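Got your viewer ready? Load the model, keep the selection box handy, and let's take a walk through it.

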Amino acid sequence: MEQVEKIIDERIQGKALVTENKKENTKKLFIESYGCQMNMNDSEIVAAILDKEGYNTTQILEEADLVLVNTCSIREKAETTVRKRLQKYNAVKQVNKKMKVGVLGCMAERLKEKFLEEEKIVDLVVGPDAYRDIPNLLQEVASGRDAVNVILSKDETYGDVSPVRLNSNGVTAFVSITRGCDNMCTFCVVPFTRGRERSRDPKSILEEVQSMVDKNYKEITLLGQNVDSFLWFGGGLKKDFKKASEMAQATAVGFAELLDMCATKFPKTRFRFSTSNPQDMSLDVIHVMAKHKNICKYLHLPVQSGSNAMLKAMNRQHTREEYMELVDNIFKIVPEMSLSQDMIVGFCGETEEDHQDTLALMKYVKYDFGFMFSYSERPGTLAGNKMKDDVPFAVKKRRLQEVIDLQQEHALFRTQQHLGKIEEFLIEGTSKKNPNEWKGRNTQNTVAVFDKGNYKLGDFVMVKVEDCTSATLKGTVVGYSDNN
Ligand code: SAH
Ligand code: F3S
């Protein structure tokens with residue numbers, strides 16, 4: 001089935017991740033990451049842990065001592081892709097017999113020991129909260145034992161691990177601020193594979209941002225499954241407080257405060273964040289966005305469906321009307337805000353009328369970007385256990401196409417709004433289509449391509465937008481922005 005996968009960062013999908021090598025490291029690690037940006041960031045944490053164990057990264061599978069694949073379980077297709085990669089590793093292992101293979105991330109967590117039975121090639125299985133244990137697990141493997149650690153933690157945030165940046169453009173980076181998710185949307189496997197939600201100490205977040213700024217990074221994306229529920233209590237985690245009154249007395253840092261702290265401390269650094277959950281989004285965050293020029297005016301605000309019946313069945317904690325009111329308020333505070341959605345079509349019991357509600361909601365918002373999926377039943381979720389995946393394949397396919405087509409129209413409408421304007425873009429890399437052109441993004445997250453001239457990677461430039469497709473702007477640089 002056709003699906004538009006969420007490839008926000010094309011660097012990460014199924015590509016060996018590498019970084020600068022150290023002379024003293026003698027072993028070779030081949031690491032790949034599938035799925036979300038959080039997985040990519042986790043792979044950077046794993047690389048940091050293994051760097052201390054004497055591993056350098058390699059792009060050549062055949063020469064690896066250790067192959068790690070960080071996996072995604074969000075839809076069936078994501079799991080199928082990983083199974084195919086395991087076959088490829090297997091072929092290589094027939095020649096390079098000493099090579100060890102490990103599975104990390106959500107599939108490891110979901111399938112646990114079963115992985116070792118199902119895929120004979122796998123030597124170690126490590127869940128998202130057990131990466132510190134990889135050195136011990138490798139010793140187990142070396143002594144011929146199976147190595148599995150899928151214990152989920154209530155407080156692991158890897159806050160003290162300084163990630164090794166992999167395949168980095170040296171300009172943009174991700175910093176994780178929360179792990180796990182407590183929301184229990186009925187279709188979603190994440191709460192089961194990534195465990196309870198926990199927030200990272202703001203001090204360690206600011207230190208990591210500082211280290212990125214020192215290395216000349218220009219844009220930081222704060223990551224969490226649900227950033228709006230970020231909550232840190234001075235001296236403790238949410239779960240450490242037994243009474244509400246104790247919590248009220250502790251100094252709390254919420255997401256709006258964290259964002260304000262970051263933007264104030266690093267005024268030349270651009271900040272983005274993802275993902276915002278409509279039910280937890282407070283307008284305080286939008287006011288902080290309005291206050292700081294360096295917080296990008298872009299919100300990823302997944303809605304999943306425009307139908308109240310579907311939202312209820314999905315256990316999303318808001319109605320379509322509440323969502324529309326939120327969008328109205330966002331535009332009142334930040335009129336230039338760009339918005340993106342995640343949408344699931346063909347969820348259990350979805351009628352034609354529900355689908356029409358989704359299209360109508362999209363027409364109301366006119367999202368700049370969208371990530372659209374047809375429902376994929378996941379074992380172990382509430383919908384997987386209790387609801388019937390009853391929308392026929394062909395209907396799902398048709399509805400998905402309608403949603404994608406409408407999104408294309410809206411994307412074009414949004415890109416056209418930039419025509420004739422002079423906007424600031426951060427140069428992030430070379431255009432895929434033309435080696436003589438840079439590509440960069442503006443505050444709204446819209447990509448533009450323009451002639452390289454004498455400008456460099458990491459420069460903030462002012463570009464006159466002259467042309468557009470639904471996905472890309474084209475323009476001419478008129479000079480540096482005052483942010484350099
Ligand atoms: N809060 C998370 C959501 C993670 S999942 C975040 O940081 O983005 C990303 C998207 O995948 C969801 O918003 C949803 O649209 C889609 N998705 C999740 N489970 C799905 C399923 N079972 N079938 C199809 N799409 C799914
Ligand atoms: Fe999944 Fe819903 Fe959390 S989509 S990640 S359970 S907010």
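Start with the shell around ligand 1, whose residues divide into five nonpolar, six polar and four charged. For that split, Ala, Val, Leu, Ile, Met, Phe, Trp, Tyr, Cys and Pro count as nonpolar, Asp, Glu, Lys and Arg as charged, and the others, Gly among them, as polar.

A few words before you click on. This is a predicted model, where local features need pLDDT of at least 70, side-chain atom pairs count only at pLDDT 80 or more, and totals for chains, interfaces and linings use all residues. Residues are numbered from 1 along each chain as its sequence is written, chains are lettered from A and ligands numbered from 1 in the order in which they are written, and side-chain values use heavy atoms, with hydrogens and water left out.

**Stop 1: ligand 1**

Select ligand 1 and show what surrounds it: you should get 15 residues, the closest being Q225, T275, Q304, D342 and S376. A residue belongs here if one of its heavy atoms lies within 4 Å of the ligand. Two strands, β15 (338-345) and β16 (369-374), each supply at least two residues of this shell. Helices (H or I, at least four residues) and strands (E, at least two) are DSSP runs, numbered from the N terminus.

Now look for polar contacts, meaning pairs of N or O atoms within 3.5 Å; within protein, one must be able to donate a hydrogen and the other to accept it, and residues adjacent in sequence count only if both atoms are side-chain atoms. Click on Q225, where a polar backbone atom sits 2.6 Å from a nitrogen atom of ligand 1. On R75, a side-chain N or O atom is 3.1 Å from an oxygen of the ligand. T275 offers a polar side-chain atom 2.7 Å from a ligand oxygen. On its own, ligand 1 exposes 550 Å², and the protein buries 89% of that (areas by the Shrake-Rupley method with a 1.4 Å probe; for residues, only the protein chains shown count as cover).

Stay on T275, which is found in the loop between β13 (270-274) and α10 (283-291). Which kind of peptide bond runs from S274 to T275? That bond is cis, with omega near 10°. Most peptide bonds are trans.

**Stop 2: ligand 2**

Next, select ligand 2, surrounded by C181, N183, M184, C185, F187, C188, V190, P191, Q225, N277 and R316. That shell divides into seven nonpolar, three polar and one charged. C181 counts as buried because its relative accessibility is 10%; buried means under 20% relative accessible area, exposed over 50%, and partly exposed in between (1.4 Å probe, protein chains only). C188, at 14%, counts as buried too. How many disulfides are there? Zero, where a disulfide is a pair of cysteine sulfur atoms within 2.5 Å.

**Stop 3: two positive phi angles**

Most residues other than glycine have a negative phi. Select Y158, in the loop between β6 (147-149) and β7 (172-176), and you'll find a phi near 55°. At 1% relative accessibility, Y158 is buried. Then jump to K366, in the loop between α13 (352-365) and β16, which has a positive phi of about 55°. K366 is partly exposed, at 29%.

**Stop 4: helix α1**

Finish by selecting residues 37-51, helix α1. Is this helix mostly covered or uncovered? Covered: 15 of its 15 residues are buried.

Notes:
Expected span 1.5 Å × (residues − 1).
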